[in-house]
Amino acid sequence: MGIHQKCKQNTAFPVSNRVGSKQTRFEALVYALSADLYRYAFWLCRDRGRAEELVQETFLRAWRSLHALRDEKAAKGWLITILRREHARWYERYRPEIEHGLEPDDLAGRSDSVPAETLAMRRAVADLGAEYREPLLLQVLGGYSCEEIANFLGLSKGAVMTRLFRARQRLRATLEGQDDTTVSHQSQL
Amino acid sequence: MNCLEFRRMCMAEPGYQDSDYLRHQQECPRCAEYAANVIRGDKQLAKALRVDVPDNLASRIILRQSIFSGRAERRKARRMYALAAGVLLAIGLAGGWFIVNHVPEVDRAVIARINAVPASRVAKGQISNAELIRVIRTVGGELNGEIGRVHYASIYYVREHQCGQLIVQGAVGPVTILLMPGVYIGGARDLHSRELNGIVVPTTNGSMAIVGEPGEPLHDIEQNMRAAVTWRL
């Protein structure tokens with residue numbers, strides 16, 4: 001079983017085993033998925049404060065329409081969809097003219113000793129274009145397949161595969177200290 | 001699947017589970033090593049992406065939701081109270097309108113008869129005692145005493161009921177007495193009319209309406225009628 005499948009199962013389990021009132025269901029979702037959702041939101045908007053606000057709004061909307069969630073195993077995908085819409089709405093409303101870069105504190109978080117290679121990797125992910133970063137997040141953080149990601153993003157499976165291929169290629173190029181434009185497709189293969 | 005196809009697929013989805021993909025991975029050591037590298041890189045990436053989550057994030061989300069749902073509940077309760085108040089107000093208004101405007105059927109019949117034969121237009125003469133006895137008997141009564149000067153006595157019909165109309169001289173002016181056997185009312189009450197001064201009272205076999213000028217002592221006339229007439233059941 002791959003890393004991605006494990007990731008999906010672990011997050012779905014505690015939710016699907018809790019049955020009860022709307023409040024109980026909701027709290028189960030929050031405890032099981034809020035951390036993953038926050039990380040996804042953070043890498044989507046690259047701003048800790050905004051990420052928390054996004055997650056709060058997402059769960060509030062989820063609370064309002066919890067009756068629409070029939071299968072608890074689909075909860076994570078459902079929440080991600082809500083979060084993406086919230087993010088798009090926010091982006092549409094405020095249209096940040098300058099995409100600010102991540103501050104070192106944002107990358108390190110509260111941990112005092114984040115290894116340099118982890119920080120470098122975070123910087124490389126943050127610097128990826130949104131069109132590459134998002135499918136990569138969905139796959140690595142969310143554990144979704146190319147087909148599922150294609151459904152989330154409204155793209156063809158082929159387009160998603162291309163984006164994931166290029167995302168990994170660019171990450172590798174950045175981390176190896178090369179300008180990705182000089183790294184040929186063939187040399188990566 | 002050849003090596004190029006395998007590596008392209010691996011870079012796009014390292015955990016791909018297709019049988020051709022897995023077979024190639026088993027059969028080609030260089031591609032297996034390539035896949036292992038990509039998976040190792042993904043594990044490092046997954047670890048790097050796991051940024052710190054704010055303290056008590058879940059609790060704060062639940063707190064905000066509970067505040068929101070509390071507000072929503074209060075809004076809902078307020079809406080319900082407003083609705084209930086609206087319904088009560090509507091009922092109150094309708095009830096008030098009913099009380100103010102609703103004229104009981106008996107009163108309508110009384111008013112209609114008085115308008116048909118107004119006391120003011122009846123000659124102020126006196127009818128014979130025999131005629132008075134006949135009319136009272138027709139409506140189920142027996143005259144046993146004096147009821148004063150009677151200007152008018154006749155029988156009329158309200159639906160199938162035979163009723164009697166008397167116009168007698170009161171202290172202030174002419175007084176109309178309508179004898180309505182078979183028309184039962186709950187209790188004595190004032191006539192429901194802005195123009196007329198009247199009362200409607202129960203009798204043994206139905207009811208009796210007494211209508212006179214303002215200031216006319218109608219209850220005295222009622223007592224007089226009760227004393228002078230015996231009603232048959």
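In which sense, right-handed or left-handed, does helix 7 of chain A pass helix 8 of chain A in the crossing? In this predicted model, helix 7 of chain A passes helix 8 of chain A in a right-handed crossing.

**Helix 7 of chain A and its partners**

The axes of helix 7 of chain A and helix 8 (residues 146–153) of chain A come within 10 Å and cross at roughly 130°. Angles from 65 to 115 degrees count as roughly perpendicular and those over 145 as roughly antiparallel, and helix 7 of chain A and helix 8 of chain A are therefore oblique to each other. On the side of helix 7 of chain A, the residues that take part are E134(A), P135(A), L138(A) and Q139(A), and they meet I149(A), F152(A) and L153(A) in helix 8 of chain A. Sorted by class, this contact of helix 7 with helix 8 of chain A has five nonpolar, one polar and one charged residues.

Helix 7 of chain A also packs with helix 9 of chain A, at an angle of about 95° and with the two axes 8 Å apart. That angle makes helix 7 of chain A roughly perpendicular to helix 9 of chain A. Here E131(A), Y132(A), R133(A), P135(A), L136(A) and Q139(A) of helix 7 meet V160(A), R163(A), L164(A), R166(A), A167(A) and R170(A) of helix 9 of chain A. By class, the contact of helix 7 with helix 9 of chain A has six nonpolar, one polar and five charged residues.

**The sheet of chain B**

In chain B, six strands form an open sheet in the order 2-3-4-7-6-5, and the pairing is antiparallel. At the edges stand strand 2 (150–158) and strand 5 (189–190) of chain B, each of which pairs on one side only. In general, the strands of a sheet pair through backbone hydrogen bonds, either parallel or antiparallel. The table lists four of the strand pairs, each with its number of bridges and one pair of residues that stand opposite each other.

| Strand pair (chain B) | Bridges | Residues opposite each other |
|---|---|---|
| strand 2 and strand 3 | eight bridges | Y156(B) and C163(B) |
| strand 4 and strand 7 | six bridges | I177(B) and I210(B) |
| strand 6 and strand 7 | seven bridges | I199(B) and I210(B) |
| strand 5 and strand 6 | two bridges | R189(B) and V200(B) |

Reading the table along I210(B) helps to place strand 7 in the sheet, since this residue is the bridge partner of I177(B) and is also the bridge partner of I199(B).

Some of these strands are joined by hairpins, and the links can be followed one by one. The hairpin of strand 2 and strand 3 of chain B has two residues between the strands, and in it R159(B) takes a positive phi near 50°. A hairpin of six residues joins strand 5 of chain B to strand 6 of chain B, while strand 6 and strand 7 of chain B form a hairpin with two residues between them. A helix accompanies the sheet as well: helix 6 (residues 129–138) of chain B lies across strand 2 and strand 3 (161–169) of chain B, and runs at about 25° to strand 2.

**Where the two chains meet**

How many residues of chain A are in contact with chain B? There are 38 such residues in chain A, and they touch 30 residues of chain B. The elements that give two or more residues to this side of chain A are helix 1 (3–16), helix 2 (22–45), helix 3 (48–64), helix 6 (116–127), helix 7 (130–140) and helix 9 (157–175) of chain A. Helix 2 of chain A supplies the largest share, 10 residues. By class, the side of chain A that touches chain B has 22 nonpolar, 10 polar and six charged residues.

**How confident the prediction is**

The model as a whole scores ipTM 0.75 and pTM 0.56. The mean pLDDT of chain B is 87, and 97% of its residues reach 70 or more, whereas chain A averages a pLDDT of 79, with 74% of the residues scoring at least 70. Over residues 9–19 of chain A the pLDDT is below 50, although the model gives this stretch 18 contacts beyond near neighbours in sequence. The pLDDT also stays under 50 over residues 178–189 of chain A, for which the model has 13 contacts beyond four places in sequence. Where pLDDT is low, the predicted coordinates should not be read in detail.

Methods
Residues numbered from 1 in each chain as written. Chains lettered and ligands numbered in written order. Predicted model: local features only at pLDDT ≥ 70, side-chain atom pairs only at ≥ 80, totals over all residues. Pairing = 2+ DSSP bridges. Helix = DSSP H or I, 4+ residues; strand = E, 2+ residues; numbered from the N terminus. Contact = placed C-beta atoms within 7 Å. Axes fitted to C-alpha atoms, helices over the stretch in contact; angles between N-to-C directions. Nonpolar A, V, L, I, M, F, W, Y, C, P; charged D, E, K, R; others polar. pLDDT = per-residue confidence, 0-100. Parallel < 35°, antiparallel > 145°, perpendicular 65-115°, else oblique. Left-handed = near helix turned anticlockwise from the far one by under 90°.
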